[in-house]
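Reader: Hello! I am new to this structure. Please give me a slow, close look at where empty space is left and what lies around it.

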Amino acid sequence: MLTLKAITENTEEILRKLAVKHFDGKEIIGKIIDLNVQRRTSQSALDANLATINTLSKSIGQLIKEGKKEEAEALRTQVAETKENNKYLEASMKGAEEEMQNLLVLIPNTPHESVPLGRHAEDNVTERTGGIIPALSEDALPHWDLAKKYDLIDFELGVKITGAGFPVYKGKGARLQRALINFFLDCAREQGYLEIEPPYMVNAASGYGTGQLPDKEGQMYHDAGDDYYLIPTAEVPVTNIYRDVILEEKELPIKNTAYSACFRREAGSYGKDVRGLNRLHQFNKVEIVRIDTPEHSYESLEEMVNYVQSLVDKLELPWRILRLCGGDMSFTSALTFDFEVFSAAQKRWLEVSSVSNFESYQANRLKCRYRDVNKKTQLCHTLNGSALALPRIVAALLENNQTAEGIRIPKALIPYTGFDIID
RNA sequence: GGAGAGAUGCUCGAGUGGCUGAAGAGGCACGCCUGGAAAGCGUGUAAACGACUAAAUCGUUUCGCGGGUUCGAAUCCCGCUUUCUCCGCCA
């Protein structure tokens with residue numbers, strides 16, 4: 001969430017920036033500012049009362065020691081009176097605080113200056129493109145047919161075991177998953193990312209930390225028995241490593257990578273767009289996470305984008321990078337680049353990665369701070385990106401590389417798969 | 001799952017109702033000493049919120065978390081979380 005300081009000190013600027021995300025914050029920010037005043041006045045009064053009580057209490061102890069019982073008794077009543085008033089002040093302070101907090105989480109992050117104006121996906125700006133879109137024959141098959149033909153992925157079997165959106169990978173299909181995961185992790189490690197294997201379930205505090213809760217509750221699977229959530233991405237457990245942590249500036253930037261299975265309910269999405277591997281309830285993904293100083297975070301973002309580009313290049317897939325417009329960006333992001341690869345049989349672009357700088361928005365909720373050279377604690381900037389999500393990569397690989405002899409495996413991947421063709 | 005014992009600052013560790021935001025030790029930082037280092041000496045070493053902004057200063061809160069008792073709680077009581085030991089179960 002945004003910091004109170006920013007909201008109260010740069011109100012106009014914040015409002016202007018929020019408008020780029022088509023968010024009208026005037027009313028809500030007005031309320032927050034009012035509540036903040038209420039909170040502060042209540043606290044000042046309460047603090048003064050508590051200070052009085054503390055002093056009186058010390059005197060009482062002293063008087064009792066000296067045997068002055070009546071005087072002590074008098075002070076005791078005085079304390080009791082002061083405390084009556086405290087109940088009200090405390091309620092006012094806590095009430096304002098809580099209400100303010102509830103409003104604060106409703107405000108999205110402010111977009112970076114470079115975010116293009118626009119409402120929809122069509123308004124996103126293509127940064128650059130690469131790779132070659134293959135010319136497939138007329139009878140080229142979409143990946144769900146290829147998966148069946150070579151017995152790589154069984155969607156119906158997943159339905160039997162669990163439900164729609166939980167595919168079963170088999171044979172070379174399963175090995176391809178394992179190969180891609182290892183390939184992505186190795187590449188990340190070579191770039192200096194520390195490999196993490198996180199829990200796949202998180203508690204509510206972690207969900208709040210990265211912003212899945214309270215608003216996106218319905219998108220996560222929830223175990224009511226223990227009140228745990230299945231992670232929608234490794235970003236959640238990995239970023240929460242740094243919740244309530246004060247780092248030293250020399251530790252930054254922190255670079256972590258993690259593979260995890262990801263679970264998403266995505267209720268109510270059916271039809272052609274979600275066919276096959278296009279959208280799943282469970283899928284594999286390797287994530288990269290960075291924690292950085294505000295001064296360096298955009299440099300980090302660029303580095304991450306270049307890194308993800310190197311991955312799709314190695315996989316020999318046609319790609320494009322989009323700079324998301326204000327209307328298409330996520331709630332928490334300040335600047336996002338989406339990677340799409342072209343799936344040549346479906347003849348459509350598929351999103352395979354989203355690389356974002358959240359600036360201090362997540363860090364403020366997480367209380368992830370660092371001590372700068374002047375020993376002042378400041379909020380870190382957090383960034384993350386998929387590197388990469390597997391299903392749509394697999395869709396594009398299968399479709400784009402289909403030949404009469406079988407499906408060709410890109411060179412960089414062969415050491416990981418142990419085979420160079422699926423036939 | 002059952003029984004017992006713990007949880008104190010960066011770390012270890014003292015502390016059973018007021019003089020304890022917290023002894024002592026270690027670590028770390030800075031300074032002195034040194035040709036340089038070690039040793040030694042000295043100083044410092046939490047966060048959040050508030051008091052007009054920053055610095056300084058002051059106030060409040062925080063000894064796992066949440067409640068309670070009391071004029072006053074690290075210290076007493078209750079609930080929860082978590083760690084260790086033993087038993088049970090188990091990949």
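Author: A search of the whole structure turns up 1 cavity of 30 Å³ or more. The model is predicted: local features need pLDDT of at least 70, side-chain atom pairs count only at pLDDT 80 or more, and totals for chains, interfaces and linings use all residues, while side-chain values use heavy atoms, with hydrogens and water left out. Residues are numbered from 1 along each chain as its sequence is written, and chains are lettered from A and ligands numbered from 1 in the order in which they are written.

How is empty space found? Rolling a probe the size of a water molecule over the atoms shows where it is left. Here a 1 Å grid is set over the protein atoms alone; a cavity is a set of points where a 1.4 Å probe fits but cannot get out, and a pocket is an open set with protein on both sides within 12 Å along at least five of seven lines. Points are joined across faces, edges and corners, and a volume is the space filled by probe spheres set on them.

Back to the cavity, then: its volume is about 30 Å³. Around it sit Leu-176, Leu-397, Leu-398, Asn-401, Ile-407, Arg-408, Ile-409 and Pro-410 (lining residues have an atom within 4 Å of a point). Helix H12 and strand E17 (407–408) each give at least two of these residues; helices (H or I, at least four residues) and strands (E, at least two) are DSSP runs numbered from the N terminus. By class the lining has 6 nonpolar residues, 1 polar and 1 charged. In this sorting, Ala, Val, Leu, Ile, Met, Phe, Trp, Tyr, Cys and Pro are nonpolar, Asp, Glu, Lys and Arg are charged, and the others, Gly among them, are polar.

Now for the open spaces. The largest pocket holds about 1500 Å³. It is lined by 48 residues, and closest to its centre are Arg-264, Asp-338, Glu-351, Ser-354 and Arg-392. Two or more residues of this lining come from each of E10 (282–292), E11 (319–323), E12 (335–343), E13 (348–357), E16 (381–389) and helix H12 (390–400). E13 gives the most, 8 residues. The lining divides into 16 nonpolar, 17 polar and 15 charged residues.

E13 deserves a closer look. E12 and E13 run antiparallel and are joined by 9 bridges; two strands pair if DSSP finds at least two bridges between them. Val-341 has Leu-350 in E13 as its bridge partner. The hairpin of E12 and E13 has 4 residues between the strands, and Lys-347 in the turn has a positive phi of about 55 degrees. E13 is also joined to E16, antiparallel, by 3 bridges, and there Val-355 stands opposite Gly-385.

The second largest pocket contains about 1100 Å³ of space. Of its 37 lining residues, Leu-2, Thr-3, Ser-360, Asn-364 and Leu-379 lie nearest its centre. Helices H1 (4–9), H2 (11–20), H4, H8 (204–210) and H11 (361–366), together with strand E15, each give two or more residues to this lining. Its classes are 14 nonpolar, 11 polar and 12 charged.

E15 leads us to a sheet. This open sheet of 3 strands has the order E8-E14-E15, with mixed pairing. E8 (245–248) and E15 (377–379) are the edge strands, each pairing on one side only. E14 and E15 run antiparallel with 3 bridges between them, and Arg-371 stands opposite Thr-377 in E15.

Arg-371 also takes us to RNA strand B: an N or O atom of its side chain is 2.8 Å from a phosphate oxygen of the RNA (a polar contact is a pair of N or O atoms within 3.5 Å; within protein, one must be able to donate a hydrogen and the other to accept it, and residues adjacent in sequence count only if both atoms are side-chain atoms). Helix H3 (26–66), helix H4 (69–104) and strand E14 (368–371) each give two or more residues to the surface near RNA strand B; a residue is near if one of its heavy atoms lies within 4 Å. H4 thus turns up here as well as in the lining of the second largest pocket.
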